[in-house]
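This report is written for a reader at the bench who wishes to follow how the interior of a protein chain is packed. Please keep the sequence and the structure at hand while reading.

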Amino acid sequence: MSVTFRNDLTSPLTGTAEHLSLVTEFPLEQLIDGYRRRLGVDVTRLFAKDDGTFAFDKIQLLRDAETGLAFFHPMVFGDAAFYEALSRAPHYYPTDKQEFQVGRSEIAPGQSVCEVGAGRGHFRAHVPEARYVGLEFNPDAIAYGMARGIDLRHEDVVALADREPGSFDVTCSFQVIEHVEDPLGFAQAMAKLTRRGGKVILSAPNGDGYMSRCRDLLNAPPHHFTWWGDKTWKWLGAKLGLELVKLHHTRIDDVLLAWARMVASDGMAKMFDVELNPVVDETPQRQRIDELIEPTARIMVAGLRFRNDIPPVGHTTVAVFTR
């Protein structure tokens with residue numbers, strides 16, 4: 001198959017090349033090797049051309065100063081087989097997460113709710129008194145949810161918004177916008193699908209917090225394409241004419257060990273005078289450091305006694321807008 005990627009050097013939000021700066025870059029080979037070794041997923045085909053060669057040899061992380069958005073270049077998109085492979089992991093579709101609690105608190109009984117990128121429809125259980133519709137592309141996830149009586153539909157949010165504008169009291173999407181090629185068009189469609197006075201709820205990994213330094217492969221292509229910080233959510237609301245009424249940062253409790261591993265590995269790298277790439281680093285040095293710091297990270301977590309000992313901001317930001 002032909003490699004599918006977006007190679008134009010423009011911001012996914014502004015569509016221009018102005019105000020862009022390089023944050024970091026890393027070799028493509030490291031990324032491919034990391035997915036295979038750490039996650040058991042071979043992503044080679046997503047980067048290779050028909051003749052087996054690669055269209056590029058490195059991936060860059062850029063930042064748009066106007067919006068605050070960080071994004072990868074080139075953008076390489078995961079296909080259905082990629083997401084199907086990831087979805088087999090036990091915790092890829094969690095039944096509960098902190099942003100579900102935030103979303104539930106914003107939805108009144110009897111309201112109509114459309115969740116975009118609903119996965120297996122687990123959020124449905126958190127809003128049992130709502131009139132719920134979920135949009136999803138993964139056929140296995142749809143089959144799983146429908147077998148449990150959840151209204152999941154294989155439909156694109158843009159098409160639904162064009163056909164039924166203003167038809168839902170609340171539209172929500174949890175950990176999806178960072179996966180899409182056109183995040184502005186995605187958010188515009190959600191706003192269009194929402195009635196006047198209704199709510200648009202979006203969440204993504206916190207690009208201002210530890211997620212921007214934890215070297216998580218799933219926070220890079222072909223899984224995540226964009227990183228969202230507080231400035232970007234504010235820019236998006238202003239661009240779409242929405243009022244940003246809440247920016248909720250989830251607590252770090254659910255990922256405390258991952259945070260401790262990051263701190264310990266950074267410290268050991270500094271002691272050894274080794275420079276680790278903050279985004280993706282699959283070098284032998286990083287692998288060795290990971291092995292050495294594991295006991296230290298677990299000791300750190302076990303020794304935490306007070307809330308003030310850990311960062312207040314965790315994995316995810318939830319943005320709540322009114323239309």
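The text below takes up the nonpolar cores, then a helix with a buried side, and lastly a cavity and a residue in its lining.

The model is predicted. Its largest nonpolar core holds 31 residues, of which Ile 177, Phe 186, Leu 202, Trp 233 and Leu 236 touch the most other members. Residues of this core come, at least two from each, from strands E6, E7, E10 and E13 and from helices H6, H7 and H8, and the largest share, seven residues, is supplied by H7. The table gives the residue ranges of these elements.

| Element | Residue range |
|---|---|
| Strand E6 | residues 112-116 |
| Strand E7 | residues 131-135 |
| Helix H6 | residues 157-163 |
| Helix H7 | residues 183-193 |
| Strand E10 | residues 194-205 |
| Helix H8 | residues 230-240 |
| Strand E13 | residues 316-322 |

A second core, separate from the one just described, has 23 residues, among them Leu 31, Val 43, Val 76 and Leu 86. As for Leu 202, when residues up to four places away in sequence are not counted, this residue touches Ser 173, Ile 177, Phe 186, Ala 187, Met 190, Trp 233, Leu 236, Thr 317, Val 318, Ala 319 and Phe 321.

Helix H3 spans residues 80-87, and within this helix Phe 82, Tyr 83, Leu 86 and Ser 87 are buried. These residues lie on the same side of H3, because they cover an arc of only 130 degrees around the axis. The buried residues of H3 pack against helix H1, residues 28-39, and against helix H2, residues 44-47.

A search of the whole structure for cavities of 30 Å³ or more finds one, and the largest cavity contains about 40 Å³ of space. The lining of the largest cavity is made up of Glu 178, Ala 204, Pro 205, Asn 206, Gly 207, Met 211, Ser 212, Asn 219, Thr 226, Trp 227 and Trp 228. By type, these lining residues divide into five nonpolar, five polar and one charged, and strands E10 and E11 each supply at least two of them.

Asn 219, one of the lining residues, lies in the loop between E10 and E11. Its relative accessible area is 4%, so Asn 219 is buried. Leaving aside residues up to four places away in sequence, Asn 219 touches Phe 72, Pro 205, Met 211, His 224 and Trp 227. Between Asn 219 and Lys 270, which are 51 residues apart in sequence, the C-alpha to C-alpha distance is 23 Å.

Key. Residues are numbered from 1 along each chain as its sequence is written. This is a predicted model: local features need pLDDT of at least 70, side-chain atom pairs count only at pLDDT 80 or more; totals for chains, interfaces and linings use all residues. Side-chain values use heavy atoms; hydrogens and water are left out. Buried means under 20% relative accessible area, exposed over 50%, partly exposed in between (1.4 Å probe, protein chains only). Helices (H or I, at least four residues) and strands (E, at least two) are DSSP runs, numbered from the N terminus. The arc is that of the directions from the helix axis to the C-beta atoms. Contact means heavy atoms within 4.5 Å. On a 1 Å grid over the protein atoms alone, a cavity is a set of points where a 1.4 Å probe fits but cannot get out, and a pocket is an open set with protein on both sides within 12 Å along at least five of seven lines; lining residues have an atom within 4 Å of a point. Grid points are joined across faces, edges and corners, and a volume is the space filled by probe spheres set on the points. Ala, Val, Leu, Ile, Met, Phe, Trp, Tyr, Cys and Pro count as nonpolar, Asp, Glu, Lys and Arg as charged, and the others, Gly among them, as polar. A nonpolar core is a set of buried Ala, Val, Leu, Ile, Met, Phe, Trp, Tyr and Cys residues joined through side-chain atoms within 4.5 Å.
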